[in-house]
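Please open the structure in a viewer and keep the sequence panel visible beside it. The tour below proceeds by selections, each followed by an account of what is found there.

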Amino acid sequence: MRVDAVIPGWNSRAMTVRDSLAWAALMAAVVLLGASMSTAGAPKSTMPDSFVYLRDVDPTIQQDMRYAGSDNFTGRPVPGYDAPECILVRDAAEALKAAQGDLQPLGYSLKVYDCYRPAQAVAAFVAWSSEPDDPEAKRTHYPNLSKKDLFPNYIATRSGHSRGATLDVTIVPMSSTPSPAEADPDKPEACTEGDPADNGLDMGTGFDCFDTKANTVTKGLTPEEEKNRELLLDVMSRHGFQNYPKEIWHFTFQPEPFPDTYFDFPVLPRPGSGPDTLDGT
């Protein structure tokens with residue numbers, strides 16, 4: 001939902017820094033309004049039967065759920081993520097299992113960073129945009145941009161993740177250890193230089209890197225980085241996932257079961273899983 005569709009005459013491109021607080025508050029309201037309109041008649045707090053925990057479909061796929069911990073661009077756990085679990089519509093989870101089956105004979109595994117994203121989490125991202133800039137977050141996740149430039153060019157005010165068929169994913173060596181869920185306060189690297197703490201294959205950037213280098217097709221990649229990207233794109237497209245051109249890690253299963261519905265139920269611990277942890281496994 002574009003803001004100028006809600007308030008005629010609002011020009012987000014001409015927004016100044018002094019407008020940012022008002023803009024963020026407005027966009028947070030728009031996100032919540034859009035989510036409530038799109039989920040009219042649907043349960044808000046209960047996971048629908050058509051959604052599944054990825055661990056119940058394929059427990060061999062690694063999970064590194066960044067928004068349930070502090071290792072993300074906000075620097076803290078995000079509202080709506082009450083457990084480090086990947087939830088998807090069943091069709092997407094089954095397709096991801098098939099992709100995993102293609103990689104395992106090669107000695108690789110998929111690893112997901114984010115799956116279903118509650119609409120309340122998207123609203124929290126928008127609210128975060130009105131806070132004072134965090135130098136560490138900027139250095140790591142958007143070294144070449146100002147905070148106000150992240151919306152809507154990089155962070156959507158209504159996310160496809162909330163429809164349940166979109167996920168962020170990479171490829172890791174099968175025997176590798178998942179990355180720590182908590183951010184390293186001393187990590188100095190910009191995402192454009194990669195992420196040494198991540199066990200994923202080198203794709204040229206770290207996860208959630210708001211930079212043109214994260215574009216699927218971009219300049220300045222090494223032959224190894226290009227090869228790794230091609231492997232990810234090939235295995236995912238083979239099983240019905242469409243890549244988002246601005247983010248090498250971002251894929252949506254097609255056709256989407258809920259193309260017009262934005263859900264807002266929280267990500268809760270998987271039933272019977274016991275105390276949840278943030279160890280990335």
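A charge counts as sitting over a ring if NZ of Lys or CZ of Arg is within 6 Å of the ring centre and within 35 degrees of the ring normal. With that criterion in mind, select Lys147 and Trp128: Lys147 lies over the face of Trp128, at 4.2 Å from the ring centre. Next select Lys246 and Tyr154, where Lys246 lies over the face of the tyrosine ring at 5.8 Å from its centre. Please note throughout that this is a predicted model.

**The whole chain**

Colour the chain by secondary structure. Seven helices and seven strands are present, and from the N terminus on they follow the order α-α-β-α-β-β-α-β-α-α-β-α-β-β. Of the 281 residues in the chain, 53% are buried. Among contacts between residues at least 6 apart in sequence, 76% join residues at least 24 apart.

**The aromatic residues**

Select Phe, Tyr and Trp throughout. The structure holds 19 aromatic pairs. One of them joins Phe258 and Phe263: the ring centres are 5.2 Å apart and the planes stand at 85°, so this pair is edge-to-face, given that planes over 60 degrees apart are classed in this way. Is each of these two residues buried or partly exposed? Phe258 has 23% relative accessibility and therefore counts as partly exposed, whereas Phe263, at 4%, counts as buried; the cut-off for buried is under 20%.

Now select Tyr67, Phe73, Tyr81, Tyr113, Phe125, Trp128, Tyr142, Tyr154, Phe207, Phe210 and Trp249, which form one aromatic cluster. Trp128, the ring beneath Lys147, and Tyr154, the ring beneath Lys246, both belong to this cluster.

**The five-stranded sheet**

Turn to the open sheet of five strands, whose order is β2-β4-β5-β7-β6 and whose pairing is mixed. The edges are formed by β2 (62-63) and β6, each of which has a single partner strand, so one side of each is left without a neighbour in the sheet.

Begin at the β2 edge. This strand pairs with β4 (residues 108-114) in the parallel sense over two bridges, and Gln62 stands opposite Lys111 in β4.

Proceed to β7 (residues 247-253). How many of its seven residues are buried? Seven of the seven are, so the strand is largely enclosed by the rest of the structure. Strand β5 (residues 166-173) is joined to β7 by three bridges in an antiparallel arrangement, with Phe251 in β7 as the bridge partner of Leu167. Strand β6 (residues 241-244) also runs antiparallel to β7, through four bridges. Tyr244 stands opposite Glu247 in β7, and two residues lie between β6 and β7 in the hairpin that these strands form.

**Helix α7**

Select residues 223-238. The 16 residues of α7 should span 22 Å at 1.5 Å a residue, and the end C-alpha atoms are 22 Å apart, which agrees. Within α7, the buried residues are Glu225, Asn228, Arg229, Leu232, Val235 and Met236. Viewed down the axis of α7, these buried residues fall within an arc of 140°, so they line one face of the helix. Their cover includes α4, β4, β5, β6 and β7. Rotate to the other side of α7, where Pro223, Lys227 and Glu230 are exposed. Just after α7, Gly240 takes a positive phi of about 95°.

**Helix α4**

Continue to α4 (residues 90-103), one of the elements covering the buried residues of α7. For its 14 residues a span of 20 Å is expected at 1.5 Å a residue, in agreement with the 20 Å between the end C-alpha atoms. Its buried residues include Ala92, Ala93, Ala95, Leu96, Ala99, Gln100 and Leu103. They cover an arc of only 160° around the axis, which puts them on the same side of α4.

**Helix α5**

Finally, select residues 119-128. Eight of the 10 residues of α5 are buried, so this helix is largely enclosed by the rest of the structure. The buried residues are Ala119, Ala121, Val122, Ala123, Ala124, Phe125, Val126 and Trp128. Phe125 and Trp128 also appear in the aromatic cluster, which returns the tour to Trp128, with Lys147 over its face.

Conventions
Residues are numbered from 1 along each chain as its sequence is written. This is a predicted model: local features need pLDDT of at least 70, side-chain atom pairs count only at pLDDT 80 or more; totals for chains, interfaces and linings use all residues. Side-chain values use heavy atoms; hydrogens and water are left out. Rings of Phe, Tyr and Trp (its six-membered ring) pair if their centres lie within 6.5 Å; planes under 30 degrees apart count as stacked, over 60 as edge-to-face and the rest as tilted. Buried means under 20% relative accessible area, exposed over 50%, partly exposed in between (1.4 Å probe, protein chains only). The expected span of a helix is 1.5 Å times one less than its number of residues. The arc is that of the directions from the helix axis to the C-beta atoms. Two strands pair if DSSP finds at least two bridges between them. Contact means heavy atoms within 4.5 Å.
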